[in-house]
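I opened this entry to look up how aromatic rings pair in the model, and then to follow one helix through its surroundings.

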Amino acid sequence: MVKVVLVGTNATSLKGHKTGLWLEELASPYYLFVEKDYEVIVASPAGGPIPIDEASLGEYFFTDPAKRFMHDATAVGKLGHSIKLSDVDLESVDGIFFAGGHGAVVDFVGTPDVKNAIESMYKSGKVVAAVCHGVVCLTDCVQEDGTTPLIKGKTVAGFSNTEEDVVQLTALVPFSLEDKLKELGGKYEKVDDWNPKVCVDQKLVTGQNPQSSEVTAKAMIELLE
């Protein structure tokens, strides 16, 4: 059986702004993986509850998979009792997927367990995927030489500057994700705001925004099949 890890944030606040997981970005991949009969582990940097950004439950953003998730006792249970990432046996895992929400910019960076998990999985030839602000998890990671950024020379997507401006949180995030990906040598690609975009470069899969969660998960599945 294919085993995958879905990683969400534990952060509830970004410099005083209430935040958390953008539910669609975990819910859509979750059901796509479940429908493939994958074993799905829901994890987080600290373990325990993964908070949901209330804005992701708003009418326009509360997608069918997100609604299904909130009425699914098993799924909600996994979200409320997530496994600590460092406790996951990564050797038994085939792929890892980092969901976004602005909480990700708080605890997906500067967190050794996140960095170690990604570098270990990538080095082992496993699939590493991330979407929207979840892509921030890649910015600390390096290649096997210990210095070259993991994404250098790789085609990547992630939340764009114009999308950050629209949600009016540019002043609160620690850095522009788009600019950081370019600065680290990534070949950054994007489409118009709020449209699906996924980049696949070998075993690295990245999506631009919440609208990209499904295509990002499907691209990961293609690599796992």
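I took two rings of Phe, Tyr or Trp (for Trp, the six-membered ring) to pair if their centres lie within 6.5 Å, with planes over 60 degrees apart counting as edge-to-face. The model is predicted, and I considered side-chain atom pairs only at pLDDT 80 or more.

**Aromatic pairs.** By this rule I arrive at 9 aromatic pairs. I looked first at Y30 and F69, whose ring centres are 5.4 Å apart and whose planes stand at 80 degrees, so I entered the pair as edge-to-face. Because Y30 belongs to helix α1 (residues 24-35) and F69 to helix α2 (residues 64-70), this pair ties together parts that are 39 residues apart in sequence. I then checked accessibility: Y30 is buried at a relative accessible area of 4%, and F69 is buried at 0%.

F69 also forms an aromatic pair with Y31, again edge-to-face, at 6.3 Å centre to centre and with 80 degrees between the planes. This pair, too, links distant parts of the chain, since Y31 is in helix α1 and F69 in helix α2, 38 residues apart. Y31 is buried, as F69 is. Elsewhere I noted one aromatic cluster formed by W22, Y60 and F61.

**Charges over rings.** Which charged end sits over the ring of Y31? I found that of R68, 3.8 Å from the ring centre. I recorded a further case at F175, where K180 lies over the face of the ring at 4.9 Å from its centre.

**Helix α1.** I tested the length of α1 against expectation: at 1.5 Å a residue its 12 residues should span 16 Å, and the end C-alpha atoms are 16 Å apart, which agrees. The helix is mostly covered, with 10 of its 12 residues buried; among them are L26, A27 and L32, as well as the charged-type entries E24 and E25. Just after α1, I noted that D37 takes a positive phi of about 65 degrees.

**Packing of α1 on α8.** Where does α1 meet α8? On the α1 side I listed E24, E25, S28, P29, L32 and F33, and on the α8 side S213, E214, A217, K218, M220 and I221. Helix α8 (residues 213-224) packs against α1 at an angle of about 35 degrees, with the two axes 8 Å apart, and the crossing is right-handed. For reading the contact list I kept in mind that an α-helix has 3.6 residues a turn, so residues three or four places apart point the same way.

Note on methods:
Residues numbered from 1 in each chain as written. Predicted model: local features only at pLDDT ≥ 70, side-chain atom pairs only at ≥ 80, totals over all residues. Heavy atoms only, no water. Phe/Tyr/Trp six-rings, centres within 6.5 Å; stacked < 30°, edge-to-face > 60°. Helix = DSSP H or I, 4+ residues; strand = E, 2+ residues; numbered from the N terminus. Buried < 20%, exposed > 50% of the residue type's maximum accessible area, 1.4 Å probe, protein only. Lys NZ or Arg CZ within 6 Å of the ring centre and 35° of its normal. Expected span 1.5 Å × (residues − 1). Axes fitted to C-alpha atoms, helices over the stretch in contact; angles between N-to-C directions. Left-handed = near helix turned anticlockwise from the far one by under 90°. Contact = heavy atoms within 4.5 Å.
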